[in-house]
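Colleague: I should like to learn how to read this structure. Could we begin with a pair of helices?

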Amino acid sequence: MARNKGSQELFDLIHSLTPEEKGYYKKFSKRHIPNGSNYLKLFDAIAAQEEFEEASLRARFKNYTVMKVYLKDFITDGLLIYFKNKHPHVNLFSQIQKVHILLIKGQHSEAVRVLKKALLHCQKLEVYPIERYLLRVLSEINHHQLTHPDAIRDFYTQYKNQLEKNLLFENDLSGWELRNFEWFAKVRGLDVFDKNKATIDVSTIQAIPALSTRSQIKKQNCLYYLQYLRMDRKQKYEAGKTQLQLSEHFKTTGDSSFNNIYIQNNYITCCLDLNMFTEAIALSDKMLNSEKQSGFYSHLAFPKSVLFKLDAYFHTAKFKEGLDLVNAVDKKMYQISTSLGDFSAWKEFSFFKHTFLFTNQKYRECWIDMQSVNLKSLQKNYVSDYADYSMLALMLQFEMGNYSTVKNMSSKTSLAFKKMNIEDNTYLSLLSFFKNLKPDTPRSQALKTYTELTAYYKKSGLSARKCFGLIDYTMWLKAIGEEKYLKDLLPSIV
């Protein structure tokens, strides 16, 4: 039954192929697939669809249910050959397959030659478990030759040394990977230090050796997390820069398929933290363009690239450019975020989308788009997001001049806040502004609330609260009081 599933996956696979890959598959299918013409017709029919539609395919192809399953297998088989010399890991496993084919056919000398080549490949890629597997295969091949005591002793010594070196490097890499997970958890707030973060000794991590390039990259990532926790932006930038240099060098000299999306992510985040917005935008484009050959890496890079650029556009007051980008990538952003299961990226994108709609005075469009937000889910799981969306909804109705709607909504929002125990002074002050709003005195009321909140932040030592961490509520109130648009004030404070 499982083989009758996967129609959408087949559609996605076919539409992910480049023109060169499609051409190669067609040549491959004509040589290797029985009844290739029927499979090619199904392939072409699906490739011609802009959106997947199965009913016409079932009507046209008599054995569609079976054909679609085997077509997917045939495409994958063709891609294995296509990428044999284009992807280092596909090439490595192709060599391993060749070793076993040669052994099956009794060509043990040639098998050993290919195997030793694969071992060198493993060492270059720093894939230690596979190297260890190949060492065992080599041991089994050579075992029949071990008849003399000296030969047995020499082989034992060599094999022991190879395994010990391999395990040393493997355990070192595994140790750094585990430390990375631990420090990642700390960054996400899943661990609490028993001392002030600023007093953590960086040299403790620096003193631990890293034996391979992969380990060095992981070590640098730990240092990046440490500087993140210590809130040292400059040192975090230096750690991110070093890590990126290491990973890019490894992609050139070691593993060209090495995933450094998250490393680029770290570095671009540092640039944004240091207000290096032009560089952040350029690096975001570079990250996306560098991964076009790998669909998965490209899908990882796309949401991050978009979010980085939106952040830079907002903080350089390029509100039109930000909205243009939102409109250009909206559909693709949703599709990729959903396929990756990265709903945090989609949520953050939505924050930027509504922010740029609002700052560009697209109030009605923003209001309509906000209707898709599941506020009940936010009430249950994301209280602060719910509060910000509630405030933005009231701000939109105010900007559209719907004062009576504002009053009704503010009363309902007030009840919801009480039920959820939301007692943040910013939200309560804004609610008071909305509830007591009078059409003839919005300016004076806004300035009064602005003054109250500004004084509160100064007295409490708190930073001004921002809607989605972007729009400063006090600046919006000030804009109303000065009869200006919010975008006219934001460049002076972002």
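**Two helices and the core**

Modeller: In this predicted model, the axes of α15 (residues 295-315) and helix α16 (residues 319-340) come within 10 Å and cross at roughly 150 degrees. Because angles over 145 degrees count as roughly antiparallel, α15 is roughly antiparallel to α16. Axes are lines fitted to C-alpha atoms, for helices over the stretch in contact, with angles from 0 to 180 degrees between N-to-C directions. Helices are DSSP runs (H or I, at least four residues), numbered from the N terminus.

Colleague: Which residues in α15 meet α16?

Modeller: Two packed helices are described by the angle between their axes and the distance between the axes. Here the residues of α15 in contact (heavy atoms within 4.5 Å) include Phe-302, Val-306 and Leu-310, and those of α16 include Val-326, Val-329 and Met-333.

Colleague: How many residues does the largest nonpolar core have?

Modeller: In soluble globular proteins, nonpolar side chains tend to be buried together. The largest core here has 98 residues, with its largest share, 11 residues, from α15. A core joins buried (under 20% relative accessible area, 1.4 Å probe, protein chains only) Ala, Val, Leu, Ile, Met, Phe, Trp, Tyr and Cys residues through side-chain atoms within 4.5 Å. Phe-349, among those with the most contacts inside the core, touches Val-306 and Leu-310, as well as Val-326 and Met-333, among others.

Colleague: Where does pLDDT, the predictor's confidence in each residue from 0 to 100, stay under 50?

Modeller: Where pLDDT is low, the predicted coordinates should not be read in detail. This applies to residues 1-5; the chain's mean is 88.

Residues are numbered from 1 along each chain as its sequence is written. Local features need pLDDT of at least 70, side-chain atom pairs count only at pLDDT 80 or more, totals for chains, interfaces and linings use all residues, and side-chain values use heavy atoms, leaving out hydrogens and water.

Definitions and conventions
Buried means under 20% relative accessible area, exposed over 50%, partly exposed in between (1.4 Å probe, protein chains only). Angles under 35 degrees count as roughly parallel, over 145 as roughly antiparallel, 65 to 115 as roughly perpendicular and the rest as oblique. Lists of a residue's contacts leave out its neighbours within four places in sequence.
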